[in-house]
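Here are my notes on the ligand site and the other open spaces in this one. Have the structure open while you read.

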Amino acid sequence: MTSPSPLEHALPPELVSDWEALNSRWQEGPLREWLEALPDQFSTGLSPARYGDLSRWREALAALPPLPTAAIRLNTSRVGLSGTAPDETMDALHSALMGLHPWRKGPFELCGLHLDTEWRSDWKWDRLADAIAPLTGRRVLDVGCGNGYHCWRMLGAGATEVIGVDPTPLFILQFKAVQHYLQQPAIHVLPMTLEAMPEHLHVFDTVFSMGVLYHRRDPMAHLASLKHKLAPGGQLVLETLVIEGDDDALLEPNGRYARMGNVWQLPSPGLASSWLKLAGFNEVEIVDVGVTSVEEQRRTPWMTFHSLEEFLDPEDPTLTIEGFPAPRRAILTANVI
Ligand SMILES: C[S@@+](CC[C@H](N)C(=O)[O-])C[C@H]1O[C@@H](n2cnc3c(N)ncnc32)[C@H](O)[C@@H]1O
């Protein structure tokens, strides 16, 4: 056995395998620039000095029990592993995964353990899966991917490489818990924002930005940055909170929206389309619009904090607790030449 290189020694242990895989895959072309920045980004993104809970989450990861070999499920609503395991193993699995609470995006299932997350993220997937360019053979970027639930679905849909980025360290470790069992070499969830990536890459065939646009103070800058990640002929899949209204309707909550901070601008679907055209995208299509239900986002044993029901006006659930229109979401697709 060879001893680790000084670089590997400095990397967060969870990300050494990502570094090794990407280092061998990205030697050529524009991704090399990003490769050079990765070690610093990994160390900052999972820094124990910045994130006091990291050691507790690491203990949870280390406590994951071995599971019997079973079939990997990527194309079902519950991503995970089939099969069964003895009760003691399942108890250990339950307790290790609960150490990574709250689980927001999913669902997952491991040997019969149903990780019933706050969001039925599979419903979002079902709304977009047939409306986007087929992912077979494509290199995909998922910006703000959370714990990577949709990244697994993208891999299951045939993508050859899936890169998710998200700045929230708990979500990276949740991804690692699932990857611990699924062991798929072509999927990586990396701890960083979109803005931390090299601006001009032009290498991804499909870029997803779902649930991120309204968190950005400058939505046009976000769209421009997404465009710069797309290869010629590539497709953007944009999902965002919207409001009902004319093609120029815009809500600026100026404070909290459904108890969320950092919500800057909610356009109408028509205005979101105009933004995409202004940013230089072509063939812009609104493929879905709908109100988020309390069946889709709700408290579960795996996410025991308040959820959508508590964020709505108890007298009038068509309004948020602050009196704004209740969450409505749109999915748009747009292409680059
Ligand atoms: C509402 S969640 C959406 C998760 C997932 N994409 C989905 O649609 O279910 C937004 C995610 O974006 C991440 N995020 C926030 N700002 C970001 C940024 N500047 N770049 C990348 N991700 C960001 C957050 O950590 C969070 O996990």
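1. Start with Lys124: a polar atom of its side chain lies 2.5 Å from an oxygen atom of the ligand. Keep in mind that this is a predicted model, so treat the distance as a computed value from that model.

2. Thr168 also reaches the ligand through its side chain, with a polar atom 2.7 Å from a ligand oxygen. Gly144 does it through the backbone: one of its polar backbone atoms is 2.7 Å from a nitrogen atom of the ligand. How much of the ligand's surface does the protein bury? The ligand taken alone exposes 600 Å², and the protein buries 87% of that.

3. Now the wider shell. There are 18 residues around the ligand, and the closest are Lys124, Gly144, Asp166, Thr168 and Glu195. Sorted by class, this shell holds 7 nonpolar, 6 polar and 5 charged residues.

4. Which pocket does the ligand take up? The space it fills is the largest pocket, with a volume of about 1,100 Å³. The lining of that pocket has 38 residues, and those closest to the pocket centre are Phe171, Gly211, Tyr214, His215 and Met260. Strand 5 (139-143) and helix 11 (308-311) are the elements that give two or more residues to this lining. By class, the lining of the largest pocket splits into 17 nonpolar, 12 polar and 9 charged residues.

5. Have a look at the second largest pocket too, at about 290 Å³. Its lining has 16 residues, and Glu14, Ser17, Lys176, Gln179 and Gln183 are the closest to the centre. Helix 2 (16-25), helix 8 (169-182) and strand 7 (187-190) each give two or more residues to it. Which element gives the most to this lining? That is helix 2, with 4 residues. The class count for the second largest pocket is 7 nonpolar, 6 polar and 3 charged.

6. Last, the enclosed space. The count comes to 1 cavity of 30 Å³ or more, and the largest cavity has about 30 Å³ of space. The residues lining the largest cavity are Lys105, Trp119, Ser121, Lys124, His150 and Glu296. Lys124 is therefore worth a second look in the viewer: this residue lines the largest cavity and has a side-chain atom 2.5 Å from a ligand oxygen. By class, the cavity lining has 1 nonpolar, 2 polar and 3 charged residues.

Terms used. Residues numbered from 1 in each chain as written. Predicted model: local features only at pLDDT ≥ 70, side-chain atom pairs only at ≥ 80, totals over all residues. Heavy atoms only, no water. Near = heavy atom within 4 Å. Polar contact = N/O pair within 3.5 Å; in protein donor to acceptor, adjacent residues only side chain to side chain. Areas by Shrake-Rupley, 256 points an atom, 1.4 Å probe, with all protein chains shown as cover. 1 Å grid on protein atoms, 1.4 Å probe; cavity = no way out; pocket = protein on both sides within 12 Å on 5 of 7 lines; lining within 4 Å. Sits in = over half its atoms within 2 Å of the grid points. Nonpolar A, V, L, I, M, F, W, Y, C, P; charged D, E, K, R; others polar. Points joined across faces, edges and corners; volume = space filled by probe spheres on them.
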